[in-house]
Amino acid sequence: MSGVNITASRRSRESRAIADFFALHGLPPDSVEALADASRLRRRSRNRPMALRVGRAAYFLVDGRVTELVQPGKVRLWREVMFFESVTNTASFPGTYDEERPSPKAEEPIVGSTLSSCLFIEVPNSKLTSLAMTDPAIALMLARMATKRHTLMERLYTASRAAPVTRVAAVLNYLAEPTRRNVIKVRDDGVPVMTTAEELVASGPSQADIADALCLGRATVEKAIAELRQAKALKSFSPGERANRCYPIEDRSLLRQISLGG
């Protein structure tokens, strides 16, 4: 197969993956196709600096965990699906008008780091704005994603009088997702076998990252996590089993209740 054919095949697979992502958000087929044609996949490896140039393109985090540096010593923790952009803050979507709309700081990227291997969908702002102006379904999807980001930012990362354990529980509840791992179990006949277990895990940030995101001391976050383990909301690690940046969930309902102040 020639180099051209290999490139075309790879691009075809990427387009299908991108289309599948946007189709999950309820867009009609024509809207999905238009977005897929305008988009590209961008990969980032774990523990690397991140700079998303939102003045030029919008980014959809499809998979992974990232930190966004807001100011020195303060970060926000995000997981998929998250939308990084300047389009919804600058474009006049159908049915909207804002005479006092501020000028965008187009050259200021969103900076941070990758806490895991990450996959982004990148769409040039000019194409995304054009699509949003002519396709109400795309405009609505973008507005919903932007609203979700602002809602999470308000709920998780703004100043709060809630107890530290409540705030830490809220962040871990947000980051939690199902994952699989290989474990050795002993059968009824005493024979050990390798099997796959599924569990709910909040992974990616260190306790220091959580402390920076919530503007809490590291000792305070460590104490809050110990309280969550003691309450059986988080699993406790056995000797030699402890893993950094990994918080297995034992009781999701209890964790959610604690995150709401219960």
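Two strands count as paired if DSSP finds at least two bridges between them. Keep that in mind for the views below, which all come from a predicted model.

**View 1. A hairpin made by strands S4 and S5.**
Strand S4 (residues 65-71) and S5 pair in the antiparallel sense, and six bridges hold the match. Look for Val66: its bridge partner in S5 is Trp78. Two residues sit between the strands of this hairpin, and Gly73 takes a positive phi near 85 degrees there.

**View 2. Strand S5 from end to end.**
Is S5 buried or exposed? Six of the six residues of S5 (residues 74-79) are buried, so the strand is largely enclosed by the rest of the structure. You can check this on both faces: Lys74, Arg76 and Trp78 are on one side, Val75, Leu77 and Arg79 are on the other, and all are buried.

**View 3. The four-stranded sheet.**
Strands of a sheet pair through backbone hydrogen bonds, either parallel or antiparallel. Here an open sheet of four strands runs in the order S1-S8-S3-S6, and the pairing is antiparallel. Strand S1 (40-44) and strand S6 (82-84) stand at the edges with a single partner strand each, so one side of each has no neighbour in the sheet. On average, neighbouring strands of this sheet are turned by 30 degrees against each other, direction ignored. Now zoom in on S3 (residues 57-63) and S8 (residues 118-124): these two run antiparallel and are joined by six bridges. Phe60 stands opposite Ile121 in S8.

**View 4. Aromatic rings meeting each other.**
A pair of aromatic rings is described by the distance of the centres and the angle of the planes. How many aromatic pairs does a search of the whole structure find? It finds six. Take Tyr59 and Phe120: their ring centres are 6.3 Å apart and their planes stand at 85 degrees, so this pair is edge-to-face. Tyr59 belongs to strand S3 and Phe120 to strand S8, 61 residues apart, so to speak of distant parts of the chain being linked is fair. Both Tyr59 and Phe120 are buried. Phe60 and Phe83 make another pair, with centres 4.6 Å apart and planes at 15 degrees, so they are stacked. This pair also links distant parts of the chain: Phe60 is in strand S3 and Phe83 in strand S6, 23 residues apart. Phe60 and Phe83 are both buried, and ring pairs link them with Phe21 and Phe22 into a cluster.

**View 5. Two nonpolar cores.**
In soluble globular proteins, nonpolar side chains tend to be buried together. The largest nonpolar core in this model has 45 residues, and Phe84 and Leu228 have the most contacts inside it. Helix H6 (residues 164-175) gives the largest share of this core, eight residues. A second, separate core has 24 residues, including Ile18, Phe83, Leu128 and Ile138. Back at Phe84, what does this residue touch beyond its neighbours within four places in sequence? Its contacts include Leu52, Val54, Tyr59, Trp78, Ile110, Phe120 and Arg149.

**View 6. Helices H6 and H8 crossing.**
H6 and helix H8 (residues 218-230) pack at an angle of about 75 degrees, and their axes are 9 Å apart. The two helices are therefore roughly perpendicular to each other. On the H6 side, the contact is made by Pro164, Val165, Val168, Ala169 and Leu172. H8 brings Thr220, Val221, Ala224, Ile225, Glu227 and Leu228.

Key
Residues are numbered from 1 along each chain as its sequence is written. This is a predicted model: local features need pLDDT of at least 70, side-chain atom pairs count only at pLDDT 80 or more; totals for chains, interfaces and linings use all residues. Side-chain values use heavy atoms; hydrogens and water are left out. Axes are lines fitted to C-alpha atoms, for helices over the stretch in contact, and angles run from 0 to 180 degrees between N-to-C directions. Rings of Phe, Tyr and Trp (its six-membered ring) pair if their centres lie within 6.5 Å; planes under 30 degrees apart count as stacked, over 60 as edge-to-face and the rest as tilted. Buried means under 20% relative accessible area, exposed over 50%, partly exposed in between (1.4 Å probe, protein chains only). A nonpolar core is a set of buried Ala, Val, Leu, Ile, Met, Phe, Trp, Tyr and Cys residues joined through side-chain atoms within 4.5 Å. Contact means heavy atoms within 4.5 Å. Angles under 35 degrees count as roughly parallel, over 145 as roughly antiparallel, 65 to 115 as roughly perpendicular and the rest as oblique.
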